[in-house]
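Let's take a relaxed walk through this structure, one neighbourhood at a time. Have a look at it first, and then we'll start with a puzzle.

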Amino acid sequence: MKVWLRVLRGLTLAGVVLGGGIVSSGTATLLLTVPAQAQSSAIIVEGNRRVEADTIRSYFRGRLDALAVDEALKALYATGLFEDVRITQAGGGRIRVTVVENPVINRIAFEGNKRLKDEQLSGEIQSKPRGTLSRPAVQGDVQRIIELYRRAGRYDVRVDPKIIERPNNRVDLVFEISEGSKTGVRELRFVGNRAYSDWRLKDVIKTSQSNFLSFLKNTDVYDPDRLEADRELLRRFYLKHGYADVRIVSAVAEFDPARNGFLVTFTIDEGELYRFGALEVISNVRDVDPATLRSKLRMSSGSTYNAEAVEKSVEDMTIEMSKRGYAFSQVRPRGDRNPETRTISVVFVVEEGPRVYVERIQIRGNTRTRDYVIRREFDLAEGDAYNRVLVDRAERRLKNLNFFKTVKITNEPGSAPDRIVLIVDVEEQPTGDFSVAGGYSTSDGFVGEVSVTERNLLGLGQMVRAAVSYGQKARGLELSFVEPYFMDYRLALGLDFFAKQVDSSSYYVYRSETLGGAVRVGFPITENLNASIRYSAFQQKITLDPILMNCGVGLIPACYADGEASAAIRQIARDGAALVSLVGWGLSYNTTDNTKLPTSGMIVELKQDVAGLGGDVNFLRTTGDARFYYEILSDFVSMFRVQGGHATGWGGKDLRMTDHFQLGPNLVRGFAPGGIGPRDMTPGTNLDPLGGSLYWGASVEMQFPFFAAPKDFGMRIALFADAGSVWNYQGATTFPVTGETITLVDPTSGINTNEMSVRTSVGAGVIWQSPFGPIRIDYAFPLTKEPFDRVQNLRFSGGTRF
């Protein structure tokens, strides 16, 4: 780093010579023996080109005594407008002020920066084009740029400021940057943790260790702000899991020159594990029965202490009181810790709070996001009763938008004692994503996708996404738009357009083409329960290769000679494109602690679709899916899943073969797509799967880290057992046009494929949360199966989900 060496002249008085002498400091001179009553007209100003002479005289404040002149000299330098200031005796009781103005910055340029864009650096520095050049300010800018690079993991950065002279006292300011190599976090250590392993705690924090995939991430660089955020994440994690006395003593980063990186050590004092003792609600508000608020408690006596559950209970009770008309009510939790029994009894006291109103909500830092996008996340507005719980809730919502790098809401006094001003400070972050992803699955082969997503379109809070996929057996186009606050209500309106083409494969002999769109509306019922309604309309077309469709009227003797497709499939292909018009609804209940890698909680989904509001097909389809997560030991997470569904035709129309459930590895691993369930067993055909109108499935899975791989590699092992069945084909079995009939009974074994038969399997898998997307490899071994089932032991899926 280059540093200018320059003597700033005239900042202080260095000495005094009495009797009309001159005081000297550097090259600046100051006349002390001037009449104290002299006016500003006695001040001669020279050398000024942009600054008015009267502006310079104003700094003397009408006095010319020694103290006033000294203060004026310091004040003129402090403006940053002048490179040099000289004050000398001019004779006749006057003084002369000679100034050399700082040059004007013509432009600012950055050279050598590759990791950080010019826009990022320009927003960080204080020097601006068309402003005056201040050398101390430039040195401050150098430090700011260095700090910005250090937060990006570049500790070897060097910044050299260069000044290029231009005519008319103008200059170009150029920052020459040598970025240096990336300085990452080489090791993460935890000291004092007994209840949770280092592996588990590394999942909690955002900072990660450097590895051979570091070029794809930036969380492995040392960032002091991120380290402080990690301390808070660890503290909240322990408080959520029963450790009420936890202290994150320190988070220390030490640079290791030998490894060219940082060693980060978190020191933790866990304390003891506590459980909830007695839980009580006391109401000091007249006409409010505390028993009616107990249903809002999110914990029970004897359960593990959870500080987050206490906060959510306070929030729920506060909102309930507001709904009842008590806008100023407050709910204060009071904990009584018993170290001997290791229990914490909690009393929730409901009382009337001070009558304070929100005078104004002031938003700062949103350079792109519109104010109303931020304001609509508040459950209170200007003029409403102030409630801290609702303010905290708004802060969480703003953070969850993922529009901002930081969100902080503070209070300031208003214009009256009962008024308060809310200050919302945000820092914008990029919200657009461009991704090129690839993947492979045993059903679709290799697939590539290019997608563009903007989560905050034009600062309006809207989401838009466009994706194009192309693969060996599948190609598609998707366009989506979401308005999260339709008509200023908490209704998420979604518009979708999709086109997809899937070629025939060893699992399905036909080729399908789908083109359509959908409109959907989602809305929250509670914090964990969401509902949605949707309407979809799409055209679906099934085609076959000519060799598989050589049966027809008058050609019946040639049928079933060369492994033709099932007559049910050929009938759909013969009917041509069909229009499907359906309306549906759904409910989703989610209490998991993490959306990507849950360790506790549940996800329950119920969906129903009705086709027949126009279009060519009629059916009613209902599905349900529930997953339950529980951490048995540290890092060992169990998952239990149950699922089921039912479909039926209505209005006198049969259920088409393509509208049945055709399931395989997504129900019972170890079987091929469409590998279980009813099947056309007519001799001479491909024995194509027909699907069933009923299905059920159950799975048990245990996941734990792959300890032989680095933690940040994100690899886990899964052991699982599956069971399920698909049955009850309701489609046509006779086809008058061709006179054909299909059979669902296996002629060899005599087994009816249309009856319920339980399939089971066990296996193991590897799950990798790779930078290229989630990758999973499963190997399953069927324990019970039917002779006509199709087995697929190895299943591979990876990349982006299509």
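Which side chain of opposite charge is nearest to E428, and how many Å away is it? This is a predicted model, in which local features need pLDDT of at least 70 and side-chain atom pairs count only at pLDDT 80 or more, while totals for chains, interfaces and linings use all residues. Residues are numbered from 1 along each chain as its sequence is written, and side-chain values use heavy atoms, with hydrogens and water left out.

Back to the puzzle. The nearest side chain of opposite charge belongs to R368, 5.5 Å away from E428; here Lys and Arg count as positive and Asp and Glu as negative, with His and the chain ends not counted. E428 is buried and has no salt bridge. Buried means under 20% relative accessible area, exposed means over 50%, and partly exposed is in between (1.4 Å probe, protein chains only). A salt bridge is a side-chain nitrogen of Lys or Arg within 4 Å of a carboxyl oxygen of Asp or Glu. The side chain of E428 does reach some backbone, though: the nitrogen of R368 at 3.0 Å and that of T369 at 2.8 Å. Such polar contacts are pairs of N or O atoms within 3.5 Å; within protein, one must be able to donate a hydrogen and the other to accept it, and residues adjacent in sequence count only if both atoms are side-chain atoms.

**Charged pairs**

E428 sits in strand β17, and that strand gives us a way into the salt bridges. A search of the whole structure finds 46 of them. Here are three.

| Pair | Closest N to O |
|---|---|
| D425 and R364 | 2.8 Å |
| R376 and E483 | 3.9 Å |
| E740 and R570 | 2.7 Å |

D425 lies in β17 (residues 419-428) and R364 in β15 (residues 357-364), so their salt bridge ties together parts that are 61 residues apart in sequence. D425 is partly exposed, with a relative accessible area of 25%, and R364 is also partly exposed, at 35%.

R376 comes from the loop between α8 (371-375) and α9 (388-400), and E483 from strand β21 (residues 474-483), so this pair joins parts 107 residues apart in sequence. Both R376 and E483 are buried.

As for E740 and R570, the first is in strand β32 (residues 740-741) and the second in helix α10 (residues 567-575), 170 residues apart. Both E740 and R570 are buried. There is a network of salt bridges too, linking E315, D379, R393, R396 and R397.

**Two helices**

Helices (H or I, at least four residues) and strands (E, at least two) are DSSP runs, numbered from the N terminus. Helix α7 covers residues 307-323, and its 17 residues reach 25 Å from first C-alpha to last, close to the expected 24 Å. That expected span is 1.5 Å times one less than the number of residues. Of the 17 residues of α7, 13 are buried, so the helix is largely enclosed by the rest of the structure. At its start, a side-chain oxygen of N306 comes within 2.9 Å of the backbone nitrogen of E308. After α7 comes G325, with a positive phi near 100°.

Helix α2 (residues 66-78) has 13 residues, and its end C-alpha atoms are 18 Å apart, in agreement with the expected 18 Å. Its buried residues are A68, V69, D70, A72, L73, L76 and Y77. G80 follows α2, and its phi is positive as well, near 75°.

**Strands side by side**

Two strands pair if DSSP finds at least two bridges between them. Three strands form an open sheet in the order β6-β8-β7, with mixed pairing. The edge strands, β6 (104-111) and β7 (158-166), each pair on one side only. Seven bridges join β6 to β8 (residues 170-178), and these two run parallel. One of the matches is between A109 and V174 of β8.

Further along, β23 (residues 511-524) and β24 (residues 529-543) pair antiparallel over 14 bridges. These two strands form a hairpin with four residues between them, and R511 has T543 as its bridge partner. β24 is also joined to β25 (residues 578-590), by 12 bridges in the antiparallel sense; there, A531 is partnered by L587.
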